Every structure is written in C-alpha cells, then in structure tokens.
2 protein chains.
Amino acid sequence: MEINVGISNRHVHLTEEVFKKLFGDVEIDQAKELTQPGQYASNFKVTIKTEKGVIENVRVLGPYRNYNQVEISKTDAFKLGLNPPVRNSGELENSESVILIGTNGEVYVPNCCIIPARHIHITPEDVIKYGLEGKKTVMVRINTEKGGIMDNVYIKAAPNSYFELHVDTDDGNAFLLKQGDKVEILNEN
Amino acid sequence: MEINVGISNRHVHLTEEVFKKLFGDVEIDQAKELTQPGQYASNFKVTIKTEKGVIENVRVLGPYRNYNQVEISKTDAFKLGLNPPVRNSGELENSESVILIGTNGEVYVPNCCIIPARHIHITPEDVIKYGLEGKKTVMVRINTEKGGIMDNVYIKAAPNSYFELHVDTDDGNAFLLKQGDKVEILNEN
C-alpha cells in the first residue's frame, strides 16, 4: 500500500519550564501547522551546543511536551560529536545530552538527544484496514535512482493521526526522497 | 556474500590543466593511499562555489584524470543549490557546473558535478568467482538499526581492484554504516 513521505529536519520538543528558561516570560506560538493534528512549528529557534560543535537555528515544535527531546540526524551527530541512539519519541533513557541556547538563556538538558526511528503515523482503524495488526515494524520500499528498502519502520498508531511515513533528512537525502513522495509499505512476514 | 564498506566523502578529480590553474606550478602529491590501487588523497583542497553556496576544504584525489569530476552528496547539493544526477565516474553529460577555487586561482568547470552511484569495485576474476557475470547492478543488504536494502549498486569490474562497496556519506549516515563495516551482496534475479 502507498504512503506519503514526510521528511523531518532536526528539531526540538520542550517542556514549558525549559522553554521559559530559554526564551523568558513568553508563550510558544504557532508559525505553521504540521501534518499531524495539533502539532506545529513555532517561531522559536534554539542553538544546540556540545563540547565538539554547534548547530544554530533549530526549530522548536509545539505544543509543550512533558519531556525535552532533541531530534537530529547522524550527519548532525557527527558535527556535534555525539552518538545518539535511534529511538521512538519519549524513549530517552541513556540518550545524549546537549546544551540548548535561546534568546533568554541556556540550559543543559541531560538525556534528550536521539536519532528518531523511522515511523508511520496511522490511526488504529487504518491498522486494521491495512492488515497491520500486531506488527511493531514494517519495511518500506522506495523506487528512486538510489532506492531500496528501509527496515525497522515503526507503526505508531494513535487516534486522529495523519497517515504518513516520517524519516530523517539522512534517509530523505540518501534515498533521494522529497516531501510528499509516495512509497510502498511492504506487508510481509 | 560479504563485502567491506567504504564511505566516500565529497571529493574532486582534476585534469593536470585545471589542477595547475588552481594551484600554480606545482605537482599533485600523495598524502594517503586509498584502498583502490594507484588512487590517493592529495594534500590539496579546493572550495566548491555556486550562486547559492560554498563548501570549503574539499579533498583533491590523485592521480590526474582526463576529466574534471566533483562528487558530492544530496546533502551537499542542497547547500550548493544544485540538482546533480546520480552517475558512474566519467559519465558527466548534462551534469552540474561549479566554480572551483584553489590557492592560485579559480576555474568555472562545466558539467563536472555528480552524486556518485553506489558501486562495487571488483576484479573480473571475482565477478566470475561470485557468479555475478552479466550483472550490471546488484542489491546490498545492510543489517543495522537503520538497515535495509540498497538498490542499483553498480558492478565496476577492473583488474587490480580492491573488493569494496563504495557509498556516499548520505548512504553511510542514513544506514548507520562505518568505514570497513561488512554488508551482504544479494545475488538474486
């Protein structure tokens, strides 16, 4: 079955507490809706800093979460001298630690930095409709000049999900994918 | 069958003529042997420049070739505002054009810039030994946390080749590969 691709550039999710340490007494705002209902890009950006490097202009996504999470690619990880684990959102145990810098201050955030695992947003209804019950991961086929198959694509079922495959910029660039490209879920055992 | 991975960072191959325009009346030297016999990294570096961007410190490989070739990743291509085709070495028709800058001058080099196609260096003897006769491309399986299959891996048979899979840094980073990792050639039809 076909699915649209969404390519996620590096970004951060913040608690209200850390957001206010970084930006002062202001509220997160909405610059642009994302495809997943309720999620949005804000107008706020942070700098990620480590002993080895710096990446500026990293978008803060909203709304606030109850954990701080910095999602980067392996390419970014080399720049920062980090070795983050590949994880699903919120699974931050023993992940990497970074300093975040905002307009109002900087915060050392331990165990926040991961490479996001490839995943599919899907509703529980569509899990059944597409015969994906009981599957934790699937494979996805990409038909480009640098195509192939992605393993370990997690099924992330939640109500009100927009059906979409999320990959990081390394996957997007390696497989020559563009935002909105269609690829194929392989429903095999 | 197993094969070692070599990850190629962005680099350039130059004619003697362009090399001397860039660096003056000096000869290319050998800083480090590469795995393919006779190929080496030199101590010379160029800047790649386009209307949209610049990438500095790009290694010049030796020896001289009878064509100028700039090999970059899709990630680099975004920085430079280019859309280079995926090509094998020397197939430069309608590829992208860039300005190269050396210590002695700069040169506009038309139709030189490509994304290198994934390829396997192999001797003609090993093509037969491994049952790959008549194959133009193969698939390669990667077993990492962000593993999968790479399509369109070209078989590049030549005497004195060192048996190795060459991929660009986007593939290396997307699939979480390191220099010298072992992956599997899928000899299927």
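Two strands count as paired when DSSP finds at least two bridges between them. Keep that in mind, everyone, as we walk through this structure, which is a predicted model.

Let's start with strand 5 of chain A. Its antiparallel neighbour is strand 4 of chain A, covering residues 40–49, and six bridges hold the two together. If you want one pair to look at on screen, find A:A41, which sits opposite A:L61 in strand 5. Strands 4 and 5 of chain A also make a hairpin, with four residues between them.

Strand 5 of chain A, residues 54–62, has another partner too. Strand 2 of chain A, residues 11–13, runs parallel to strand 5 and is joined to it by three bridges. Here the pair to find is A:H11, opposite A:R59.

Now over to helix 1 of chain A, residues 16–23. Which of its residues are buried? They are A:V18, A:F19, A:L22 and A:F23. Because these four cover an arc of only 115° around the axis, they lie on the same side of helix 1 of chain A. There is a handy rule behind patterns like this: an α-helix has 3.6 residues a turn, so residues three or four places apart point the same way.

And what covers those buried residues? The cover includes strand 4 and strand 5 of chain A, our hairpin pair, along with strand 8 (96–101) and strand 9 (106–116) of chain A. Just past the end of helix 1 of chain A comes A:G24, with a positive phi of about 85°.

Let me zoom in on one residue that ties these pieces together: A:V46, in strand 4 of chain A. Is A:V46 buried or exposed? Its relative accessibility is 1%, and the limit for buried is under 20%, so A:V46 counts as buried. Leaving out residues up to four places away in sequence, A:V46 touches A:L22 and A:F23, and its other contacts include A:V58, A:V60, A:L100 and A:I101. Take A:L22 as an example: A:V46 is 24 residues from A:L22 in sequence, yet their C-alpha atoms are 8.2 Å apart in space.

Let's hop across to chain B and look at strand 1, residues 2–8. With strand 14 of chain B, residues 182–186, strand 1 of chain B pairs in the antiparallel sense over three bridges. There you can find B:I3 opposite B:V183. With strand 13 of chain B, residues 164–168, strand 1 of chain B pairs in the parallel sense over four bridges. In that pairing, B:S8 has B:D168 as its bridge partner.

Those last two residues bring me to the empty spaces. How many cavities of 30 Å³ or more turn up in a search of the whole structure? There are three. The second largest, at about 40 Å³, has both B:S8 and B:D168 in its lining, together with others such as B:R10, B:E71 and B:P116. By class, that lining has two nonpolar, four polar and four charged residues.

The largest cavity holds about 50 Å³ of space. Among the residues lining it are A:S8, A:H11, A:D76, A:D168 and A:T169. You have met A:H11 already, as the residue opposite A:R59 in strand 5 of chain A. The lining of the largest cavity divides into two nonpolar, five polar and four charged residues.

That's my tour, so do bring up the model and have a look around. Thanks for listening!

Note on methods: Residues are numbered from 1 along each chain as its sequence is written. Chains are lettered from A and ligands numbered from 1 in the order in which they are written. This is a predicted model: local features need pLDDT of at least 70, side-chain atom pairs count only at pLDDT 80 or more; totals for chains, interfaces and linings use all residues. Side-chain values use heavy atoms; hydrogens and water are left out. On a 1 Å grid over the protein atoms alone, a cavity is a set of points where a 1.4 Å probe fits but cannot get out, and a pocket is an open set with protein on both sides within 12 Å along at least five of seven lines; lining residues have an atom within 4 Å of a point. Grid points are joined across faces, edges and corners, and a volume is the space filled by probe spheres set on the points. Ala, Val, Leu, Ile, Met, Phe, Trp, Tyr, Cys and Pro count as nonpolar, Asp, Glu, Lys and Arg as charged, and the others, Gly among them, as polar. Buried means under 20% relative accessible area, exposed over 50%, partly exposed in between (1.4 Å probe, protein chains only). The arc is that of the directions from the helix axis to the C-beta atoms. Contact means heavy atoms within 4.5 Å.
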